[in-house]
Amino acid sequence: MTRDVLVLCYHALSPTWDAALSTTPERFERQLALLRRRGYRGATFTDAILGRLPGRVLAVTFDDGYRSVIELARPILDEFAMPATVFAPTDFIAAEAPISWPGVDRWLDGDHARELTPMTWDELRLLVDAGWEIGSHTCSHPRLTTLGDSALIDELERSKAQCERSVRTTCSSLAYPYGDVDQRVAAATARAGYRAAGALPERWLGGRRAFQWPRIGIYHVDDGLRYRLKVSPALRRVRSLRAPSGGG
Ligand SMILES: [Zn+2]
């Protein structure tokens, strides 16, 4: 069987929050069921892209650390016996402060403000105990390509150290906020001691694919046919023609 590694990038789950970065529990369950029927088995992000699992491998990843991940996504993943990976913005987790940066801050004052509550380190540790991976999403969620070298290194190194201190396992992976990566950022990520990092498909720059892994972002509108097209191996191959595999 050909090996196919599919990495999905989700953010939050909610029955009512219709933000682009949220999907409903019903859709999420349907989306996993489709991939299970197609023979995908679950793995953490790092295991999926650096491991040697044969056949169809699915890594479900969640950026930003929203509490709905443990409250709503985990029970569904448990039904499928699939682990997942959370990419945690460590300053927000440590402060137990609502997630707020340009793009999500407009939800801070409305009916959905509660959706911006991050998980705590204790909750992330529970996920590790259940076989999940906790990776870094930097400390403060900046656009990394806009930072000078010392600020860049600080975001990469300090978040990794904080994660390791707080969940007591090695932090092997990182997701670039906004998928924002260039060759300098990818190289600094490797030097900081990470083994893999998730980008989005349009940001392939050459170099090591493990540090620019093309995750597929699944948003509120992605259901039904839109979703099936996004996860289709044939379509992903076409999209990645300029992103040749290998060179891990
Ligand atoms: Zn993010």
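Author: A helix here is a DSSP run of H or I with at least four residues and a strand is a run of E with at least two, both numbered from the N terminus. Ala-81 is placed by these elements, in the loop between helix 3 (68–79) and strand 6 (85–88). This is a predicted model, in which local features need pLDDT of at least 70 and side-chain atom pairs count only at pLDDT 80 or more, while totals for chains, interfaces and linings use all residues. Residues are numbered from 1 along each chain as its sequence is written, and side-chain values use heavy atoms, with hydrogens and water left out.

Reader: Why does Ala-81 count as exposed?

Author: Exposed means over 50% relative accessible area, buried under 20%, and partly exposed in between (1.4 Å probe, protein chains only). Ala-81 has 65% relative accessibility, so it counts as exposed. Its phi is positive, about 50°, although Ala-81 is not a glycine.

Reader: Which other residue has a positive phi without being a glycine?

Author: Arg-168, whose phi is near 60°. Arg-168 sits in the loop between helix 6 and strand 8. At 63% relative accessibility, Arg-168 also passes the limit, and therefore counts as exposed.

Reader: What makes Asp-182 partly exposed?

Author: Its relative accessible area is 24%, which falls between the two cut-offs, so Asp-182 is called partly exposed. Asp-182 lies in the loop between strand 8 and helix 7. From Val-86, Asp-182 is 96 residues away in sequence and 22 Å away in space, C-alpha to C-alpha.

Reader: How do you know which residues coordinate the zinc ion?

Author: Donors are N, O and S atoms within 2.8 Å of the metal (3.2 Å for Na, K and Ca); water is not among the atoms, so a site may look incomplete. Asp-64 (OD), His-137 (NE2) and His-141 (NE2) coordinate the zinc ion at 2.1 Å, inside the 2.8 Å limit. Along the chain, the donors of the zinc ion follow the spacing D-x72-H-x3-H.

Reader: Are His-137 and His-141 buried or exposed?

Author: His-137 has a relative accessible area of 1% and is therefore buried. His-141, at 6%, counts as buried too.

Reader: Why is Thr-90 called buried?

Author: At 1% relative accessibility, Thr-90 is under the 20% limit, so it counts as buried. Thr-90 belongs to helix 4 (residues 90–95). Contact means heavy atoms within 4.5 Å. Apart from neighbours within four places in sequence, Thr-90 is in contact with Trp-121, Thr-138, Cys-139, Ser-159, Gln-162 and Cys-163.

Reader: What makes helix 6 oblique to helix 7?

Author: Axes are lines fitted to C-alpha atoms, for helices over the stretch in contact, and angles run from 0 to 180 degrees between N-to-C directions. Helix 6 (residues 149–167) and helix 7 (residues 183–191) pack at about 45°, with axes 10 Å apart. Angles under 35 degrees count as roughly parallel, 65 to 115 as roughly perpendicular, over 145 as roughly antiparallel and the rest as oblique. About 45° fits none of the named ranges, so helix 6 is oblique to helix 7. In this pair, Asp-149, Leu-152 and Leu-156 of helix 6 meet Arg-184, Val-185, Ala-188 and Thr-189 of helix 7.

Reader: How do you know that the buried residues of helix 7 are on the same side?

Author: Val-185, Ala-186, Ala-188 and Thr-189 are buried in helix 7. They cover an arc of only 165° around the axis, which puts them on the same side of helix 7; the arc is that of the directions from the helix axis to the C-beta atoms. Gln-183 and Arg-191, on the other side of helix 7, are exposed. The buried residues of helix 7 pack against helix 6, strand 8 (173–175) and strand 9 (196–199).

Reader: What puts the buried residues of helix 8 on one face?

Author: In helix 8 (residues 224–231), the buried residues are Tyr-227, Lys-230 and Val-231. Seen down the axis, they fall within an arc of 85°, so they line one face of helix 8.

Reader: Why are helix 1 and helix 8 oblique to each other?

Author: The axes of helix 1 (residues 25–37) and helix 8 cross at roughly 45° and come within 11 Å. That angle is in none of the named ranges, and the two helices are therefore oblique. Gln-31, Leu-34 and Leu-35 of helix 1 make the contact with Tyr-227, Arg-228 and Val-231 of helix 8.

Reader: What makes Leu-8 buried?

Author: Its relative accessibility is 0%, so Leu-8 counts as buried. Leu-8 is part of strand 1 (residues 4–10). Leaving aside neighbours within four places in sequence, its contacts include Leu-35, Tyr-227 and Val-231.
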